Amino acid sequence: MDSMENETLACTCQNVTWAQIKEAYDKGADTYEEVQKATGCGIGCEFCVEEITKYIDHLRYDNRS
């Protein structure tokens with residue numbers, strides 16, 4: 001998923017990039033709902049919700065202690 005940590009759009013409706021999703025996660029938003037609140041992702045067509053949720057799960061798995 002490293003390729004998602006860039007300026008590619010994760011949410012086209014709200015122009016939210018994968019880098020913005022990761023930044024929100026790094027600042028403590030560790031659920032989809034928190035990332036959505038921080039970035040505005042997923043409030044349009046909701047097509048991105050599943051992929052963003054998977055990405056957050058991936059980040060959480062990679063950062064577990």
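Here is a short chat between a student and a tutor about the predicted model above.

Student: Before we start, what should I know about the numbering and the model?
Tutor: Residues are numbered from 1 along each chain as its sequence is written, and side-chain values use heavy atoms, leaving out hydrogens and water. This is a predicted model, where local features need pLDDT of at least 70, side-chain atom pairs count only at pLDDT 80 or more, and totals for chains, interfaces and linings use all residues.

Student: Okay, which residues touch the most other members of the largest nonpolar core?
Tutor: A nonpolar core is a set of buried Ala, Val, Leu, Ile, Met, Phe, Trp, Tyr and Cys residues joined through side-chain atoms within 4.5 Å. The largest one here has 16 residues. Those that touch the most other members are Cys11, Trp18, Ile21, Val35, Cys41, Ile52 and Ile56.

Student: And which helices and strand each supply at least two residues of this core?
Tutor: Helices (H or I, at least four residues) and strands (E, at least two) are DSSP runs, numbered from the N terminus. With that in hand, the ones to look for are strand E1 (9–11), helix H1 (18–26), helix H2 (32–39) and helix H3 (49–62).

Student: Let's zoom in on Ile21. Is Ile21 buried or exposed?
Tutor: You'll find Ile21 in helix H1. Buried means under 20% relative accessible area, exposed over 50%, and partly exposed in between, using a 1.4 Å probe and protein chains only. Ile21 has a relative accessible area of 0%, so Ile21 is buried.

Student: What is Ile21 in contact with, leaving aside its neighbours within four places in sequence?
Tutor: Contact means heavy atoms within 4.5 Å. One partner is Val35, 14 residues away in sequence and 6.6 Å away in space, C-alpha to C-alpha. With those sequence neighbours left aside, the full list for Ile21 is Ala10, Val16, Val35, Thr39, Cys41, Ile52, Tyr55 and Ile56.

Student: Which residues does Cys41 touch, not counting residues up to four places away in sequence?
Tutor: Cys41 is among the core residues that touch the most other members. Not counting residues up to four places away in sequence, Cys41 touches Cys11, Val16, Ile21, Tyr32, Val35, Gln36 and Ile52.

Student: Now the helices. Why is H1 called oblique to H3?
Tutor: Two packed helices are described by the angle between their axes and the distance between the axes. Axes are lines fitted to C-alpha atoms, for helices over the stretch in contact, and angles run from 0 to 180 degrees between N-to-C directions. H1 and H3 pack at about 45°, with axes 11 Å apart. Angles under 35 degrees count as roughly parallel, over 145 as roughly antiparallel, 65 to 115 as roughly perpendicular and the rest as oblique, so H1 is oblique to H3.

Student: How do the residues of the contact of H1 with H3 divide by class?
Tutor: From H1, Trp18, Ile21, Lys22 and Tyr25 meet Glu51, Ile52, Tyr55, Ile56, Leu59 and Arg60 from H3. Ala, Val, Leu, Ile, Met, Phe, Trp, Tyr, Cys and Pro count as nonpolar, Asp, Glu, Lys and Arg as charged, and the others, Gly among them, as polar. The split is seven nonpolar, no polar and three charged.

Student: How are H1 and H2 arranged relative to each other?
Tutor: Their axes come within 9 Å and cross at roughly 115°. Gln20, Ile21 and Ala24 in H1 meet Val35, Ala38 and Thr39 in H2. Going by the angle, H1 and H2 are therefore roughly perpendicular.

Student: Where is Thr17, and is Thr17 buried or exposed?
Tutor: Thr17 lies in strand E2. Beyond its neighbours within four places in sequence, Thr17 is in contact with Asn6, Glu7, Thr8, Leu9 and Ala10. Its relative accessible area is 6%, so Thr17 is buried.

Student: What about Ile43, buried or exposed?
Tutor: Ile43 sits in the loop between H2 and H3. Apart from neighbours within four places in sequence, Ile43 is in contact with Gln14 and Gln36. With a relative accessible area of 52%, Ile43 is exposed.

Student: Last one: what is the phi of Glu46?
Tutor: Glu46 is in the loop between H2 and H3, and Glu46 is exposed, with a relative accessible area of 52%. Its phi is positive even though the residue is other than glycine, with a value near 70°.
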